[in-house]
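Please open the structure in your viewer and keep the selection tool at hand. The tour below goes from stop to stop, saying at each one what to select and what is found there.

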Amino acid sequence: MFWRDLTKLVVVAIFFAACLYMLADVIGFSSPWLGLLMMFNFMGLAKVAEPLVVLRMPRALRTVGPWTLNGRLYRCLGVRGFGDLLRSTPLRYLNGSVYRSGGRQSLAKLKRQAESAEATHFWAAVLFTPYIAYVWSRGFVVESVVLTIVQIVFNVYPILHLRIVRARLGGIERVNGLRKAA
């Protein structure tokens, strides 16, 4: 199992590197769009690597409080609407492991998957933000604005949505724990 997962990771990494090189050869190695492909490659590699290495949120951001479910900020930003969009469109197939369908997955495993997905988006955002600043510093203002919008849609909103998911799962775990104790 380990060797199969490692082989799959290496093959995907080589494939992504070849695609990045071919695109750079076509659009130029100084193109600001290469960073976008690298961000998506990172997220893809993190997903393929999950059987071997599970990304984690930094300790300070790992806990999710119950205020996340009732927070005005999340409501004002439309995070719940974003979650509805993810669940009711084909976008749900981008990461089906964070959905519970028919009780096939334990809550603990689902919570780990949600945290891993959140961590993947978090680390992609952390790695992509300096690149956006670099693109801005090179004078590509329009491109850096577009990359910032991509950052918000593909990383910030999924992080906020997955925090709500983890808060819900934590609430379900607490209720189940109370039921078992009673």
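## A tour by selection

Begin with Val-126, which lies in helix 7, the helix made of residues 107-137. This is a predicted model, and in it Val-126 is partly exposed, with a relative accessible area of 36%. Add Asn-155 to the selection and draw a distance between the two C-alpha atoms: although Val-126 and Asn-155 are 29 residues apart along the chain, these atoms are separated by 9.6 Å.

**The nonpolar patch.** Now select Phe-40, Trp-136, Val-141, Val-145, Ile-149, Ile-152, Val-153, Phe-154 and Val-156, which form a nonpolar patch on the surface and together have about 740 Å² of accessible area. Which helix gives the most to this patch? It is helix 8, with seven residues. Phe-40, another member of the patch, has its place in helix 2 and is partly exposed, its relative accessible area being 32%.

**Helix 2.** From Phe-40, extend the selection to the whole of helix 2, residues 34-49, which has 16 residues and reaches 22 Å from its first C-alpha to its last, close to the 22 Å expected at 1.5 Å a residue. Colour its buried residues next, namely Leu-34, Gly-35, Leu-36, Met-39, Asn-41, Met-43, Ala-46 and Ala-49.

**Salt bridges, beginning with two pairs.** In general, side chains of opposite charge can pair when their charged atoms come close. The structure holds eight salt bridges, and one of them is found by selecting Asp-5 and Arg-4, whose side chains meet with an N to O distance of 3.7 Å. Is Asp-5 buried or exposed? Asp-5 counts as buried because its relative accessible area, 6%, falls under the 20% cut-off.

Move next to helix 6, residues 79-88, where Arg-87 and Asp-84 both lie, three residues apart, or about one turn of the helix. Arg-87 forms a salt bridge with Asp-84, and the closest N and O atoms of this pair are 2.5 Å apart. Both ends of the bridge can be checked in turn: Arg-87 counts as partly exposed at 30% relative accessibility, and Asp-84 is partly exposed with a relative accessible area of 42%.

**Between helix 7 and helix 8.** Select Arg-163 and Glu-118, which form a salt bridge with their closest N and O atoms 2.6 Å apart. This pair links distant parts of the chain, with Arg-163 in helix 8 and Glu-118 in helix 7, 45 residues apart. Both Arg-163 and Glu-118 are buried.

Widen the selection to Arg-56, Arg-62, Glu-115, Glu-118, Arg-163 and Arg-166, and you have residues that are linked in a network of salt bridges.

**Arg-166, the last stop.** Keep Arg-166 from that network and find its place in helix 8, residues 141-181. Arg-166 is buried, with a relative accessible area of 5%. What does the side chain of Arg-166 reach at 2.8 Å? It reaches the backbone oxygen of Arg-62. To see the surroundings, show the residues that Arg-166 touches, leaving aside those up to four places away in sequence: they are Leu-61, Arg-62, Val-64, Lys-111, Ala-114, Glu-115 and Glu-118. Arg-62, Glu-115 and Glu-118 on this contact list are also members of the salt-bridge network.

Conventions:
Residues are numbered from 1 along each chain as its sequence is written. This is a predicted model: local features need pLDDT of at least 70, side-chain atom pairs count only at pLDDT 80 or more; totals for chains, interfaces and linings use all residues. Side-chain values use heavy atoms; hydrogens and water are left out. Helices (H or I, at least four residues) and strands (E, at least two) are DSSP runs, numbered from the N terminus. Buried means under 20% relative accessible area, exposed over 50%, partly exposed in between (1.4 Å probe, protein chains only). A polar contact is a pair of N or O atoms within 3.5 Å; within protein, one must be able to donate a hydrogen and the other to accept it, and residues adjacent in sequence count only if both atoms are side-chain atoms. Contact means heavy atoms within 4.5 Å. The expected span of a helix is 1.5 Å times one less than its number of residues. Patches are made of residues with over 30% relative accessible area and no salt bridge: like charges are joined within 9 Å, nonpolar side chains (Val, Leu, Ile, Met, Phe, Trp, Tyr) within 5 Å. Accessible areas come from the Shrake-Rupley method with a 1.4 Å probe; for residues, only the protein chains shown count as cover. A salt bridge is a side-chain nitrogen of Lys or Arg within 4 Å of a carboxyl oxygen of Asp or Glu.
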